[in-house]
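Welcome! Let's walk through this structure together, one question at a time.

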Amino acid sequence: MGRKETEEAIEEARRGGLKRFDSVEALCADLNADETPEIHEGSTNVYADLGRPDADEMQAKATLVTEISQTITARQLSNNQAAVALGLTPAELGELLAGRFRAHSVDDLERLAALLDEAGR
(Lines give C-alpha, C1' and ligand atoms only; values in the text may rest on other atoms or scores of the structure.)
Protein backbone atom coordinates (compact mmCIF):
# COMPACT_ATOMS: atom_id res chain seq x y z
CA MET A 1 0.00 0.00 0.00
CA GLY A 2 1.44 3.35 -1.06
CA ARG A 3 1.49 6.52 0.98
CA LYS A 4 -1.53 7.99 -0.85
CA GLU A 5 -3.56 4.82 -0.33
CA THR A 6 -2.61 4.76 3.35
CA GLU A 7 -3.65 8.39 3.79
CA GLU A 8 -6.94 7.67 2.03
CA ALA A 9 -7.56 4.66 4.28
CA ILE A 10 -6.88 6.80 7.37
CA GLU A 11 -9.34 9.43 6.15
CA GLU A 12 -11.95 6.76 5.45
CA ALA A 13 -11.47 5.34 8.93
CA ARG A 14 -11.92 8.81 10.45
CA ARG A 15 -15.22 9.16 8.56
CA GLY A 16 -16.37 5.87 10.02
CA GLY A 17 -16.02 3.98 6.78
CA LEU A 18 -14.32 0.95 8.25
CA LYS A 19 -14.94 -2.48 6.83
CA ARG A 20 -16.17 -5.03 9.33
CA PHE A 21 -15.38 -8.69 8.96
CA ASP A 22 -17.09 -11.67 10.53
CA SER A 23 -13.90 -13.69 10.84
CA VAL A 24 -10.15 -13.61 10.47
CA GLU A 25 -10.54 -15.76 7.36
CA ALA A 26 -12.79 -13.12 5.78
CA LEU A 27 -10.28 -10.40 6.62
CA CYS A 28 -7.42 -12.42 5.12
CA ALA A 29 -9.43 -13.17 2.01
CA ASP A 30 -10.13 -9.45 1.56
CA LEU A 31 -6.49 -8.52 2.11
CA ASN A 32 -5.29 -11.08 -0.41
CA ALA A 33 -8.05 -10.60 -2.99
CA ASP A 34 -6.17 -8.23 -5.26
CA GLU A 35 -2.54 -8.42 -4.26
CA THR A 36 -1.71 -12.06 -3.73
CA PRO A 37 1.85 -12.49 -4.97
CA GLU A 38 2.73 -15.41 -7.14
CA ILE A 39 4.59 -18.08 -5.25
CA HIS A 40 7.44 -19.86 -6.96
CA GLU A 41 9.29 -22.76 -5.43
CA GLY A 42 12.99 -22.02 -5.42
CA SER A 43 15.96 -24.27 -5.90
CA THR A 44 18.66 -24.93 -3.33
CA ASN A 45 20.74 -22.11 -4.86
CA VAL A 46 19.30 -18.68 -4.24
CA TYR A 47 21.88 -17.13 -6.58
CA ALA A 48 20.57 -19.28 -9.45
CA ASP A 49 17.02 -18.32 -8.50
CA LEU A 50 18.06 -14.67 -8.80
CA GLY A 51 19.53 -15.33 -12.23
CA ARG A 52 23.16 -14.65 -11.35
CA PRO A 53 25.57 -15.90 -14.00
CA ASP A 54 28.08 -16.92 -11.28
CA ALA A 55 25.48 -18.74 -9.18
CA ASP A 56 27.47 -21.92 -8.53
CA GLU A 57 30.56 -19.97 -7.48
CA MET A 58 28.55 -17.69 -5.18
CA GLN A 59 26.82 -20.70 -3.61
CA ALA A 60 30.21 -22.36 -3.00
CA LYS A 61 31.53 -19.17 -1.40
CA ALA A 62 28.47 -18.82 0.82
CA THR A 63 28.83 -22.44 1.93
CA LEU A 64 32.51 -21.93 2.80
CA VAL A 65 31.81 -18.74 4.74
CA THR A 66 29.06 -20.55 6.65
CA GLU A 67 31.50 -23.34 7.51
CA ILE A 68 34.08 -20.78 8.69
CA SER A 69 31.48 -19.06 10.85
CA GLN A 70 30.27 -22.34 12.34
CA THR A 71 33.84 -23.41 13.12
CA ILE A 72 34.53 -20.11 14.89
CA THR A 73 31.36 -20.55 16.95
CA ALA A 74 32.01 -24.22 17.72
CA ARG A 75 35.52 -23.47 18.91
CA GLN A 76 34.27 -20.49 20.91
CA LEU A 77 36.85 -18.20 19.33
CA SER A 78 36.57 -14.47 19.69
CA ASN A 79 36.60 -12.48 16.47
CA ASN A 80 40.13 -11.34 17.33
CA GLN A 81 41.34 -14.91 17.86
CA ALA A 82 39.71 -16.09 14.64
CA ALA A 83 41.09 -13.13 12.68
CA VAL A 84 44.63 -13.88 13.91
CA ALA A 85 44.26 -17.57 12.99
CA LEU A 86 43.07 -16.58 9.52
CA GLY A 87 45.61 -13.83 8.94
CA LEU A 88 42.90 -11.22 8.65
CA THR A 89 42.11 -8.06 10.55
CA PRO A 90 39.00 -8.21 12.75
CA ALA A 91 37.35 -5.77 10.32
CA GLU A 92 38.12 -8.03 7.33
CA LEU A 93 36.74 -11.03 9.19
CA GLY A 94 33.62 -9.06 10.12
CA GLU A 95 33.04 -8.14 6.47
CA LEU A 96 33.51 -11.76 5.41
CA LEU A 97 31.10 -13.09 8.04
CA ALA A 98 28.58 -10.39 7.14
CA GLY A 99 28.33 -11.90 3.67
CA ARG A 100 30.57 -9.51 1.80
CA PHE A 101 32.74 -12.19 0.24
CA ARG A 102 32.39 -11.39 -3.45
CA ALA A 103 36.02 -10.19 -3.71
CA HIS A 104 37.29 -13.51 -2.32
CA SER A 105 37.84 -16.48 -4.60
CA VAL A 106 36.65 -19.97 -3.74
CA ASP A 107 40.33 -20.93 -3.40
CA ASP A 108 40.90 -18.09 -0.89
CA LEU A 109 37.94 -19.19 1.19
CA GLU A 110 39.01 -22.84 1.07
CA ARG A 111 42.45 -21.74 2.28
CA LEU A 112 40.90 -19.77 5.15
CA ALA A 113 38.74 -22.74 6.15
CA ALA A 114 41.85 -24.98 6.11
CA LEU A 115 43.81 -22.47 8.23
CA LEU A 116 41.03 -22.42 10.78
CA ASP A 117 40.89 -26.20 10.77
CA GLU A 118 44.67 -26.43 11.31
CA ALA A 119 44.53 -23.85 14.10
CA GLY A 120 42.02 -26.05 15.94
CA ARG A 121 44.32 -29.08 16.00
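Before we start, one term: buried means under 20% relative accessible area, exposed over 50%, and partly exposed in between, with a 1.4 Å probe and protein chains only. This is a predicted model, in which local features need pLDDT of at least 70, side-chain atom pairs count only at pLDDT 80 or more, and totals for chains, interfaces and linings use all residues. Residues are numbered from 1 along each chain as its sequence is written, and side-chain values use heavy atoms, leaving out hydrogens and water.

Q: Is L77 buried, exposed or partly exposed?
A: L77 sits in the loop between α4 and α5; helices here are DSSP runs (H or I, at least four residues) numbered from the N terminus. Its relative accessible area is 27%, so L77 is partly exposed.

Q: Leaving aside its neighbours within four places in sequence, which residues is L77 in contact with?
A: Contact means heavy atoms within 4.5 Å. With the neighbours within four places in sequence set aside, the partners of L77 are I72, A82 and L116.

Q: What span is expected for helix α4 at 1.5 Å a residue?
A: The expected span of a helix is 1.5 Å times one less than its number of residues. Helix α4 covers residues 55–74, which makes 20 residues. From its first C-alpha to its last it reaches 28 Å, close to the expected 28 Å.

Q: Which helices do the buried residues of α4 pack against?
A: In α4 the buried residues are A55, M58, K61, A62, L64, V65, I68 and I72. An α-helix has 3.6 residues a turn, so residues three or four places apart point the same way. The buried residues of α4 pack against α3 (46–49), α5 (79–86), α6 (90–97) and α7 (106–119).

Q: Which residue of α4 meets K61 in a salt bridge?
A: A salt bridge is a side-chain nitrogen of Lys or Arg within 4 Å of a carboxyl oxygen of Asp or Glu. K61 is buried, with a relative accessible area of 3%, while its partner is partly exposed at 36%. The two lie four residues apart in α4, about one turn of the helix. At 3.6 Å, N to O, the partner of K61 is E57.

Q: How many residues apart in sequence are the parts that R75 and D117 tie together?
A: The side chains of R75 and D117 meet in a salt bridge at 3.6 Å, N to O. R75 lies in the loop between α4 and α5 and D117 in helix α7, so the pair ties together parts whose separation in sequence is 42 residues.

Q: Which residue forms a salt bridge with R100?
A: The closest N and O atoms of this pair are 2.6 Å apart. The partner counts as partly exposed because its relative accessibility is 39%. The residue is E95.

Q: Is N45 buried or exposed?
A: N45 lies in the loop between α2 and α3. Leaving aside its neighbours within four places in sequence, N45 is in contact with A55, D56 and Q59. Its side chain also reaches the backbone nitrogen of Y47 at 2.9 Å. With a relative accessibility of 9%, N45 counts as buried.

Q: Where is L27 placed?
A: At 33% relative accessibility, L27 counts as partly exposed. The stretch that holds it runs over residues 24–32, and this is helix α2.

Methods: A polar contact is a pair of N or O atoms within 3.5 Å; within protein, one must be able to donate a hydrogen and the other to accept it, and residues adjacent in sequence count only if both atoms are side-chain atoms.
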